Amino acid sequence: MRQSGQRVHGPYQHRNKWRLVVRGADGSQEFVSFATEAAARAHKTKLLKEIAGRTVSEAVQDHVVSLRERGLRSSTVSRAEDHLRAFFQLDGEVDGKSMPYARTGGLLEDLRPRECEQLYAALTKTCAVDTHRNALVAAKTFGAWCVKQDWIATNPAANVEPIGQRNRGKKQLRIDEARKLVDVCIRQANEGDEAAVGALTAFLLGLRASEVTDRVVRDLDDNGRLLWIEFGKTKRSRRTLEVPALLRPYLLALAKDRPADAQLISRTISPRSGKKRDRHWLLHHVERLCDDAGVPVVCTQSLRGLHASVATEAGATSHVVASALGHSTPAVTHAHYIDGATARRARTRRVIGAVAPDPALRVVGDKPARVASEGATAPRKRARRADTKPSPSPVLRAVAGSAPAAAEPAGSVQQAEGGG
């Protein structure tokens with residue numbers, strides 16, 4: 001922390017080392033020795049910064065470096081940095097252009113709770129609720145980190161109250177609309193459109209957009225039956241999913257004769273950046289496919305919510321759905337992904353199934369079946385034949401009503417040589 005009146009002298013050569021003399025405001029002095037003059041000068045620069053006072057801008061940049069060193073994903077670090085720059089108003093215009101960290105934000109140790117409340121109130125007037133509440137979370141995390149570094153005594157943002165109600169979940173397509181979207185995706189996938197395959201993968205497997213675009217060829221395993229998710233947003237993101245038969249030929253066609261570490265879904269490179277296609281690329285094409293299908297335009301995250309709602313409607317438990325989506329707890333799935341009406345209908349069916357006799361739930365024509373008389377033996381379940389095929393996933397059953405059969409993907413069928 002800054003100490004008014006403190007001074008640093010040197011470096012001076014002392015025998016075979018270099019020495020700094022640090023004089024305190026009370027007249028005390030401390031000698032610090034270094035092996036080289038460069039090391040002594042670097043330490044002097046650091047001490048002078050501490051004496052002058054660390055600015056909020058400098059502290060934020062140090063915090064961003066610490067986030068990267070912790071191994072967080074680059075997108076997570078960039079998002080936190082953007083939130084902090086917006087919260088503390090660190091960006092400004094230089095020669096008519098917006099420049100990051102153009103402002104210092106003042107001294108860190110001069111930052112007070114009252115000022116943090118004013119900064120947050122100003123942010124709420126320019127951002128959506130989710131955005132400014134996320135920025136407040138980032139500011140509180142930053143303040144706690146500064147306290148841990150012993151730069152400030154207390155976290156000035158700790159008691160700032162969030163404003164507004166967060167949005168819960170995304171707008172979801174109806175079942176008939178989802179069928180139209182799947183129809184369009186299958187038709188365009190048959191024509192070789194990789195983005196259509198990506199949209200199908202996101203919906204049928206309930207993947208995040210980044211989980212679709214981060215997949216590499218070796219993640220497709222067991223002749224296309226399994227898809228491995230090695231990493232993701234949370235610790236529970238690591239999982240292995242079974243690929244539906246409808247989707248399998250398209251993924252196998254994309255993986256054919258390609259290196260194990262090549263990007264699976266998108267084989268093209270962005271002409272602007274020269275980098276692999278990312279989640280924004282998939283979002284753009286999901287919006288395009290919705291427009292082609294004549295259904296409301298939704299985002300990729302909405303397809304995850306629709307996946308969760310359809311699976312719940314079909315009888316899957318919240319724990320199973322949460323595990324498939326890579327959530328740490330079913331509470332997150334219910335709060336942000338499963339449609340409320342769908343969850344209520346599923347609960348009602350489970351209650352009726354628990355308290356009502358099974359025959360009473362069966363309907364023959366328009367009349368309920370008679371309840372078996374007391375003492376009558378329950379009918380035996382028919383043994384499953386050995387050649388019975390397993391039923392498809394709940395999500396695939398829901399959308400298969402009007403979806404055409406998957407044709408061979410473009411480029412996946414090799415014509416026989418020679419002629420008749």
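## Strand pairing exercises

β7 and strand β8 (residues 239-242) are paired antiparallel through four bridges. This is a predicted model, so let's check confidence too, at the end.

**Exercise 1.** Work out how β7 is connected to β6 and β8, starting from the bridge partners of Asp-221 and Ile-229.

*Solution.*
- Start with β8: Ile-229 has Arg-239 as its bridge partner there.
- Now go to β6 (residues 220-221), which runs antiparallel to β7 (residues 226-229) and is joined to it by two bridges.
- One partner pair to look up here is Asp-221 with Leu-226.
- Finish with the turn: β6 and β7 make a hairpin with four residues in between, and Asp-222 in that turn has a positive phi of about 55°.

**Exercise 2.** In what order do the three strands of the open sheet lie, and which are the edge strands?

*Solution.*
- The order is β1-β2-β3, with antiparallel pairing.
- β1 (7-14) and β3 (29-34) are the edges, each pairing on one side only.
- On average, neighbouring strands in this sheet are turned by 20° against each other, ignoring direction.
- Zoom in on β1 and β2 (residues 17-23): six bridges hold the antiparallel pair, and Gln-13 has Trp-18 in β2 as its bridge partner.

**Exercise 3.** What is the mean pLDDT of the protein, and where is the pLDDT below 50?

*Solution.*
- The mean is 76, with 68% of residues at 70 or more.
- Residues 315-338 are below 50, and that stretch has 58 contacts in the model beyond near neighbours in sequence.
- Residues 340-357 are also below 50, with 13 such contacts.
- Low pLDDT means the predicted coordinates shouldn't be read in detail.

Definitions and conventions. Residues are numbered from 1 along each chain as its sequence is written. This is a predicted model: local features need pLDDT of at least 70, side-chain atom pairs count only at pLDDT 80 or more; totals for chains, interfaces and linings use all residues. Side-chain values use heavy atoms; hydrogens and water are left out. pLDDT is the predictor's confidence in each residue, from 0 to 100. Contact means heavy atoms within 4.5 Å. Two strands pair if DSSP finds at least two bridges between them. Axes are lines fitted to C-alpha atoms, for helices over the stretch in contact, and angles run from 0 to 180 degrees between N-to-C directions.
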